[in-house]
Amino acid sequence: MADARSERHPTVRSGTGGTGGASRGEERHGHFIAEAWAELKKVEWPGQSQVIQGTVVVLVACFVVGTYLYLNDLVWKHVVSKVFLGQ
């Protein structure tokens with residue numbers, strides 16, 4: 001039963017562990033880093049023009065939403081002060 005569990009869950013160890021060399025934690029970290037590096041090599045990174053275009057889109061969207069929220073705040077400030085507070 002312990003062997004089947006250790007195959008499904010690599011963090012479960014059967015036995016008392018070894019005494020020499022790198023620890024299993026260090027081996028797992030090294031394996032993770034190697035796999036992560038291999039996955040990063042597969043990524044299609046955007047070019048400079050795509051990064052600039054995406055940045056411009058985000059800045060324009062922030063400006064539009066910020067302007068909308070500012071104008072909405074101005075309108076509701078007057079509505080609340082005149083209608084609800086009677087000032």
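User: Where does S81 lie in this predicted model, and is S81 buried or exposed?
Analyst: Happy to start there. This is a predicted model, and in it S81 lies in helix α3. Its relative accessibility is 18%, and the cut-off for a buried residue is under 20%. So the class for S81 is buried.

User: Which residues is S81 in contact with, leaving aside its neighbours within four places in sequence?
Analyst: Contact here takes heavy atoms within 4.5 Å. With the neighbours within four places in sequence set aside, the partners of S81 are G86 and Q87.

User: What is the sign of phi at G86, and near what value does it fall?
Analyst: G86 comes after α3, and G86 is also a contact of S81 in that helix. The phi of G86 is positive, near 65 degrees.

User: How far apart are the end C-alpha atoms of α3, and what span should its residues give?
Analyst: Helix α3 covers 48-84, and it has 37 residues. At 1.5 Å a residue, the helix should span 54 Å. The end C-alpha atoms agree with that, being apart by 52 Å.

User: Which residues form the nonpolar patch on the surface, and about how much accessible area do they have together?
Analyst: The patch is made up of V75, W76, V80, V83, F84 and L85. One of these, L85, lies in the segment after α3. L85 has a relative accessible area of 54%, so L85 is exposed. Together, the patch residues have an accessible area of about 650 Å².

User: How many salt bridges does the structure hold, and how far apart are the closest N and O atoms of E39 and K42?
Analyst: Side chains of opposite charge can pair when their charged atoms come close. The structure holds one salt bridge, which E39 forms with K42. These residues are three apart in helix α2 (residues 24-42), so about one helical turn separates them. The closest N and O atoms are apart by 3.2 Å.

User: Which class of exposure does E39 have, and which does K42 have?
Analyst: The relative accessible area of E39 is 46%, while that of K42 is 62%. Exposed means over 50%, with partly exposed between that and the buried cut-off. So E39 is partly exposed, and K42 is exposed.

User: What share of the protein chain is buried, and what share of its exposed area do carbon and sulfur atoms supply?
Analyst: The protein chain has three helices and zero strands, in the order α-α-α from the N terminus. Of its 87 residues, 2% are buried. The chain exposes about 8,100 Å², and the share supplied by carbon and sulfur atoms is 64%.

How values were computed. Residues numbered from 1 in each chain as written. Predicted model: local features only at pLDDT ≥ 70, side-chain atom pairs only at ≥ 80, totals over all residues. Heavy atoms only, no water. Patch = residues over 30% accessible without salt bridge, like charges linked within 9 Å, V, L, I, M, F, W, Y side chains within 5 Å. Areas by Shrake-Rupley, 256 points an atom, 1.4 Å probe, with all protein chains shown as cover. Salt bridge = Lys/Arg side-chain N within 4 Å of Asp/Glu carboxyl O. Helix = DSSP H or I, 4+ residues; strand = E, 2+ residues; numbered from the N terminus. Buried < 20%, exposed > 50% of the residue type's maximum accessible area, 1.4 Å probe, protein only. Expected span 1.5 Å × (residues − 1).
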